[in-house]
Amino acid sequence: MEGATQFKWQRAVVKVGSALVRGDGAADPQHYVARIAGFIEAALAQGKEIILVSSGSVAAGKDHIAVYHQPTIAEKQAMAAIGQMRMMANWQQYFSRPCAQLLLTYGDLHHRTRYVNIKNTLRELLKHSALPIVNENDTVAVNELKVGDNDNLAAYTAMIAQADTLFILSDIDGLFTADPRRDPGATKIPVVETITPDIHRLAGGAGSSVGTGGMQTKLQAAEKCANSGIQTVIVNGRQDSVFEPLLQGVSPGTLFLAQQSGQSARSQWLKHTLKSQGEVLVDEGAADALLRRGASLLPSGIVDVIGQFHSGDAITVRTAQRVIAKGLANYSAADLSQLKGLRTSQIATVLGYTRGDVAIHRDDLILLTGQ
Ligand SMILES: Nc1ncnc2c1ncn2[C@@H]1O[C@H](COP(=O)(O)OP(=O)(O)O)[C@@H](O)[C@H]1O
Ligand SMILES: N[C@@H](CCC(=O)OP(=O)(O)O)C(=O)O
């Protein structure tokens, strides 16, 4: 196949966009869903493992709530609540194995114990030959608590599940040099080795009224995955001809290569998933110890504490000039405000208790310099 690119895969997240589940008016969307289900069954029969991330709940519930007007947030959430049932039932009819519903929010991915629970649940589901189907929990998530789009949610899912591949099935053949809906001269890019700012500039927004984020969120997802050692393939899920090549490890769309030095799942979780709840300002000596010596952050190096955070929250570590790291605080903001600049031997006397010598343990710290 011309321009095709080979790749190996064993455990994949398959992301199906609303644009696909919803159809294009010209063809019956059930045809697309049936073909994707067939692809998943064929891959499972080859001994591969699949986790599905499916959009489409809002679109599937639309007819009952808001057909003729722009829906409010509450109306969209109600649409999602109705549509999620329909969407799951729709998938289940194509499988004899059980489909398992996982509804996640940004908060769930952000919280350490919930993250571990999601990981364990996925592992058990795969072990028991069920098909996990993930979507955002639209009903409970207001904007600031949402991942916001299922491309990025699929990337987080791939990281949690330690997948090697993310397949993004959309209504377009891959990444083009410009949005083909606006620029008929745009051409497809078969392989992206590194997602540079120039690549990001090629991407436009959603191509349909039901899609969210368009190519921009797909590139964000591919970049997260590449940094975690996961390859991404964007293909047109409306083309029956894409599935056989995918089963044979040939990309008929755009293949984004994984970066070789993929960071650990824990580092990725700290870096991309956890939202910083506050900051500690450190002196140059502490910055040097973190950056050059791989040390833990001690209270003695802290100059100031900004914001309110609890023990266990993610916080940013910075000097007056720059951000240098992100990590899990061993002490709350209130405690660190009392401990800043002090020696570790003074912790118990000042607080009346101790959680250990360090403000942030090295194992709970990820350096952010050069980014
Ligand atoms: N550079 C580009 N290459 C390909 N598609 C692009 C590009 N820029 C924007 N798009 C648009 O992205 C759309 C796919 O994203 P979206 O509508 O969110 O679909 P989905 O529901 O599958 O996530 C395409 O239909 C296309 O119009
Ligand atoms: N959670 C939403 C999907 C949001 C979304 O990202 O949609 P899409 O761009 O079609 O993948 C739903 O199920 O309708």
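Leaving aside neighbours within four places in sequence, which residues is Asp-313 in contact with? The first legend answers this; the model shown in every view is predicted.

**View 1. Asp-313 and its surroundings.** Asp-313 sits in the loop between β12 (302–306) and β13 (314–318). Its contacts, leaving aside neighbours within four places in sequence, are Gln-277, Gly-327, Leu-328 and Ala-329. The side chain of Asp-313 also reaches the backbone nitrogen of His-310, at 2.8 Å.

**View 2. Helix α4, its length and its bend.** Helix α4 covers residues 73–92, 20 residues in total. What span should a helix of 20 residues have at 1.5 Å a residue? The expected value is 28 Å, because the span is 1.5 Å times one less than the number of residues. The end C-alpha atoms of α4 are 28 Å apart, which agrees. Look also at Gly-83: here α4 bends by about 30°.

**View 3. The buried residues of α4 and their cover.** Which residues of α4 are buried? They are Gln-77, Met-79, Ala-80, Gly-83, Gln-84, Met-87, Met-88, Asn-90 and Trp-91. Gly-83, where the helix bends, is thus listed among the buried residues. In an α-helix, residues three or four places apart point the same way, because there are 3.6 residues a turn. Several elements cover the buried residues of α4. Helices among them are α2 (29–45) and α3 (57–65). Strands among them include β2 (11–16), β3 (49–54), β4 (99–104) and β5 (131–136).

**View 4. The shell around ligand 1.** There are 26 residues around ligand 1. Ser-170, Asp-171, Arg-181, Gly-204 and Lys-218 come nearest. Three polar pairs are worth finding here. A polar side-chain atom of Ser-170 lies 2.7 Å from an oxygen atom of ligand 1. An N or O atom in the side chain of Asp-179 is 3.0 Å from an oxygen atom of the ligand. From the backbone, an N or O atom of Ala-19 lies 3.2 Å from an oxygen atom of ligand 1. How much of ligand 1 does the protein cover? On its own, ligand 1 has 580 Å² of accessible area, and the protein covers 99% of that. Two elements give two or more residues to this shell: α1 (18–21) and α9 (214–227). Helix α9 gives the most, with 3 residues.

**View 5. The shell around ligand 2.** Ligand 2 has 13 residues around it. Those that come nearest are Lys-15, Ser-18, Ser-55, Asn-150 and Thr-212. The side chain of Ser-55 has an N or O atom 2.6 Å from an oxygen atom of ligand 2. A polar backbone atom of Asn-150 is 2.7 Å from an oxygen atom of the ligand. Asp-138 pairs with a nitrogen atom of ligand 2 instead, through a polar side-chain atom at 2.8 Å. Taken alone, ligand 2 exposes 380 Å², and the protein buries 94% of that.

**View 6. Two loop residues with positive phi.** Ser-129 lies in the loop between α6 (112–127) and β5. Its phi is near 55°, a positive value in a residue other than glycine. Gln-162 is found in the loop between α7 (150–160) and β6 (165–170). The phi of Gln-162 is near 50°, again positive in a residue other than glycine. Are these residues buried or exposed? Ser-129 has 40% relative accessibility, so it counts as partly exposed. Gln-162 has 52% relative accessibility, so it counts as exposed, the cut-off being over 50%.

Key. Residues numbered from 1 in each chain as written. Chains lettered and ligands numbered in written order. Predicted model: local features only at pLDDT ≥ 70, side-chain atom pairs only at ≥ 80, totals over all residues. Heavy atoms only, no water. Helix = DSSP H or I, 4+ residues; strand = E, 2+ residues; numbered from the N terminus. Bend = angle between axes of the 7 residues up to and from the residue. Buried < 20%, exposed > 50% of the residue type's maximum accessible area, 1.4 Å probe, protein only. Contact = heavy atoms within 4.5 Å. Near = heavy atom within 4 Å. Polar contact = N/O pair within 3.5 Å; in protein donor to acceptor, adjacent residues only side chain to side chain. Areas by Shrake-Rupley, 256 points an atom, 1.4 Å probe, with all protein chains shown as cover.
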